[in-house]
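Here are my notes for you on this structure. Keep the picture open while you read, and take the points one by one.

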Amino acid sequence: MKDLVRMRTSLKEEIERILNEQIKMEAHSSAIYLAMAAWCDRNGFDYSAGYFYKQSGEERNHMLKIFKYVSDMGGHAISPEITNVPQEFDGFRDLFELALQQEIAVTNSINRIVGTARQLNDFQTDQFMQWFVKEQIEEEYVARRALELFDVIGEEGVGRYMIDKAIPKITYDGDAEGA
Ligand SMILES: [Fe+2]
Ligand SMILES: [Fe+2]
């Protein structure tokens, strides 16, 4: 029966498996950002809370995008079980250190999927994943800029208040000419 199901999709088992892993990773990112938003709310960092709520929503959309692709291709998209969500953090800066690490891990994971898709001549998945390849440039940029604000502004005095206010204003302009 399983073979019959498999005959109805060109999605290879290995690709389906790693796409489901990515679905889980995006859902995990979404949950981590939500916990970060709550931490900011509890500690008086209003603007950063808003920033992390927005990030959390974006990660859920990433998850859904891949979920729908697997389903549309005739595969079995698995609704992920999310565990190991940190609820406490060492401090304001720590959130952004973790966020950047998370984004770098996601970029590496996406690159591995594209590499595997190319090895297996799965050009649909290769092309589908290119949106994520591009998206990660922005995701890493924004996370890196947020962390840099801690050095540029400094945490002393009203520093953390200033950093908090600056966080949601970070934008990425991939076009050097600004057009
Ligand atoms: Fe993502
Ligand atoms: Fe992300």
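1. Start with Ile163, bearing in mind that this is a predicted model. Once you set aside its neighbours within four places in sequence, Ile163 is in contact with Phe92, Leu149, Phe150, Ile153, Gly154 and Glu155.

2. Where does Ile163 sit? Look for helix H6, which covers residues 159–166. Is Ile163 buried or exposed? Its relative accessible area is 0%, and buried means under 20%, so Ile163 is buried.

3. Now try a distance across the model. Ile163 and Lys68 are 95 residues apart in sequence, and from C-alpha to C-alpha they are 37 Å apart in space.

4. Next, the metals. Which residues hold the iron ion (ligand 1)? Its protein donors are Glu26 (OE), Glu59 (OE) and His62 (ND1), and they lie 2.1 Å from it. Along the chain, these donors follow the spacing E-x32-E-x2-H. Glu26 belongs to helix H2 (residues 13–42) and His62 to helix H3 (residues 46–72), so this pair ties together parts that are 36 residues apart in sequence.

5. Are Glu26 and His62 buried or exposed? Glu26 has a relative accessibility of 0%, so it counts as buried. His62 comes out at 3%, so His62 counts as buried too.

6. Have a look at the iron ion (ligand 2) as well. Its coordinating atoms come from Glu59 (OE), Glu103 (OE), Glu103 (OE) and Glu139 (OE), at 1.9 to 2.5 Å. And yes, Glu103 really is listed twice. The donor spacing for this ion reads E-x43-E-x35-E along the chain. Here Glu59 lies in helix H3 and Glu103 in helix H4 (residues 92–119), so the pair ties together parts that are 44 residues apart in sequence.

7. What about the geometry of that site? The angles among the four donor atoms of the iron ion (ligand 2) run from 55 to 145°, and the site is irregular. If you hoped for tetrahedral, all angles would have to lie between 85 and 135 degrees, so a range of 55 to 145° does not qualify.

8. Finally, put the two ions side by side. Which residue coordinates both the iron ion (ligand 1) and the iron ion (ligand 2)? That's Glu59, and the two ions are 3.4 Å apart. Glu59 and Glu103 are both buried.

Definitions and conventions
Residues numbered from 1 in each chain as written. Chains lettered and ligands numbered in written order. Predicted model: local features only at pLDDT ≥ 70, side-chain atom pairs only at ≥ 80, totals over all residues. Heavy atoms only, no water. Helix = DSSP H or I, 4+ residues; strand = E, 2+ residues; numbered from the N terminus. Buried < 20%, exposed > 50% of the residue type's maximum accessible area, 1.4 Å probe, protein only. Contact = heavy atoms within 4.5 Å. Donors = N, O, S within 2.8 Å, 3.2 Å for Na, K, Ca; no water. Tetrahedral: all angles 85-135°; square planar, octahedral: opposite > 155°, others 65-115°.
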